[in-house]
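Colleague: Could you take me closely through the charged pairs of this model, and then through the part of the chain to which they lead?

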Amino acid sequence: MVEVGTVDLVIAEQLGSSHPLARHLDDFLTDLANAGKSAHTRRAYRSDLIAFAAHHGEELAELTAAPVRAYLAELADLSPASRKRKRAAVASFTKWAVRHDLLQANPMDRIDTVKVPKTLPRPAAAADVAKVLAVICSRRPRKDLPLDRLRDRVLFETAYVCGARASEVCGLYVEDLDLRLDDEHVRIHGKGGSVRTVLLDDRGYVTLLKLYLARAGYTAGPLFRASINGRGGPLSYDAAHHRWQTYCAQAGGEIDIHQLRHAHATELINAGVSIEAVRRRLGHASTETTQLYTLLDDKVADAEIRAARRRRDRTAGRT
């Protein structure tokens with residue numbers, strides 16, 4: 001974390017080092033780092049808490065439920081999921097403040113939680129995913145194919161065949177791979193510091209992955225690197241997202257990068273894989289989230305039944 005004096009640079013630039021909450025926000029973020037929270041998580045907390053601090057410019061000890069309610073009221077136009085995330089950031093900060101005797105009572109105890117309606121995930125069709133991957137390169141790439149192009153194919157196919165989040169894939173290291181013959185696995189670092197081991201059961205993908213490692217010459221360090229010469233750090237999520245959108249445009253389709261994960265999960269459910277097995281593969285904290293894919297499967301079944309009925313009705317109408 002970059003700092004100016006004793007306050008995080010972004011906090012100093014957006015709030016000012018003299019803001020009553022600046023020092024406390026910096027301490028909170030430092031404690032998150034010490035607790036092993038990812039850089040992505042800390043950036044999200046920082047962004048949300050800077051927005052809250054811009055609204056509440058008083059001392060932390062004076063924070064009550066009233067200014068929190070006023071802040072949340074200003075977010076009424078945002079989606080429930082966004083409002084829930086921002087409320088959660090403030091709640092984590094105030095809980096931390098109480099634990100450090102900076103607040104006598106937690107004002108969030110008086111603030112209702114934000115309910116988010118359950119929505120079905122939107123998986124992409126396997127054929128559409130294959131079309132985008134083919135635009136990047138084939139599974140048997142030419143020898144003169146640029147390394148960054150091969151990197152992109154392996155990166156996005158990793159997200160697809162493992163059902164992993166794109167941010168998780170960007171954070172993979174060569175050391176996370178176990179490529180023993182017929183028992184290939186990858187160790188994926190997920191949300192909240194969780195780690196799961198995922199079987200690499202697609203032989204064509206494994207062959208492409210080994211080819212990529214051989215051409216790149218990587219034996220340790222980030223698996224997907226930002227610089228073409230391979231000496232840089234991991235490719236950022238933003239860069240990966242931009243590149244994926246570019247390939248989708250070239251393929252003439254619109255697939256959100258997160259739909260790769262949904263597509264994999266849906267394919268497993270449709271193939272009869274148990275909810276618990278899918279939950280473990282995707283790294284869900286509970287089966288409740290995973291069960292959304294079974295609801296999606298029901299939707300697919302309903303659509304097929306309706307189509308069959310329409311065909312039957314048309315046939316009956318001609319007789």
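Modeller: Glutamate 157 and arginine 153 both belong to helix 7, where four residues, about one turn of the helix, separate them. In this predicted model, their side chains meet in a salt bridge with an N to O distance of 2.8 Å. Glutamate 157 counts as buried because its relative accessibility is 2%, and arginine 153 is likewise buried, with a relative accessible area of 7%; the cut-off that applies to both is under 20%. Side chains of opposite charge can pair when their charged atoms come close.

Helix 7 also supplies a partner to a second pair, since aspartate 152 forms a salt bridge with arginine 243, and here the closest N and O atoms are 2.5 Å apart. This pair links distant parts of the chain, with aspartate 152 in helix 7 (residues 147-162) and arginine 243 in helix 10 (residues 237-251), 91 residues apart. Aspartate 152 has 1% relative accessibility and therefore counts as buried, whereas arginine 243, with a relative accessible area of 24%, is partly exposed.

A third pair brings in the sheet: arginine 196 forms a salt bridge with glutamate 168, with 2.7 Å between the closest N and O atoms. Again distant parts of the chain are linked, as arginine 196 lies in strand 5 (residues 195-199) and glutamate 168 in helix 8 (residues 166-170), 28 residues apart. Both arginine 196 and glutamate 168 are buried. Elsewhere, salt bridges that share partners join Arg139, Arg153, Glu157 and Asp202 into one network, and it is to this network that the helix 7 pair of arginine 153 and glutamate 157 belongs. By the rule applied here, the count comes to 20 salt bridges.

Arginine 196 leads on to the strands. Strand 5 is part of an open sheet of three strands, in the order 3-4-5 and with antiparallel pairing. Strand 3 (177-178) and strand 5 stand at the edges and have a single partner strand each, so one side of each is left without a neighbour in the sheet. Strands of a sheet pair through backbone hydrogen bonds, either parallel or antiparallel.

Between strand 4 (residues 185-189) and strand 5, the antiparallel pairing runs over five bridges. Within it, arginine 196 of strand 5 stands opposite isoleucine 188, and valine 195 in strand 5 is the bridge partner of histidine 189. Strand 4 and strand 5 form a hairpin with five residues between them, and glycine 192 in the turn has a positive phi of about 65°.

On the other side of the order, strand 3 and strand 4 run antiparallel and are joined by two bridges, with leucine 177 opposite valine 186 in strand 4. They too form a hairpin, here with six residues between the strands, and aspartate 182 in the turn has a positive phi of about 65°.

As for the setting of these parts, the secondary structure of the protein chain comes to 14 helices and five strands, and 40% of its 319 residues count as buried. Among contacts between residues at least 6 apart in sequence, 59% join residues at least 24 apart. The chain exposes about 17,500 Å², of which carbon and sulfur atoms supply 51%.

Note on methods: Residues numbered from 1 in each chain as written. Predicted model: local features only at pLDDT ≥ 70, side-chain atom pairs only at ≥ 80, totals over all residues. Heavy atoms only, no water. Buried < 20%, exposed > 50% of the residue type's maximum accessible area, 1.4 Å probe, protein only. Contact = heavy atoms within 4.5 Å. Areas by Shrake-Rupley, 256 points an atom, 1.4 Å probe, with all protein chains shown as cover. Salt bridge = Lys/Arg side-chain N within 4 Å of Asp/Glu carboxyl O. Pairing = 2+ DSSP bridges.
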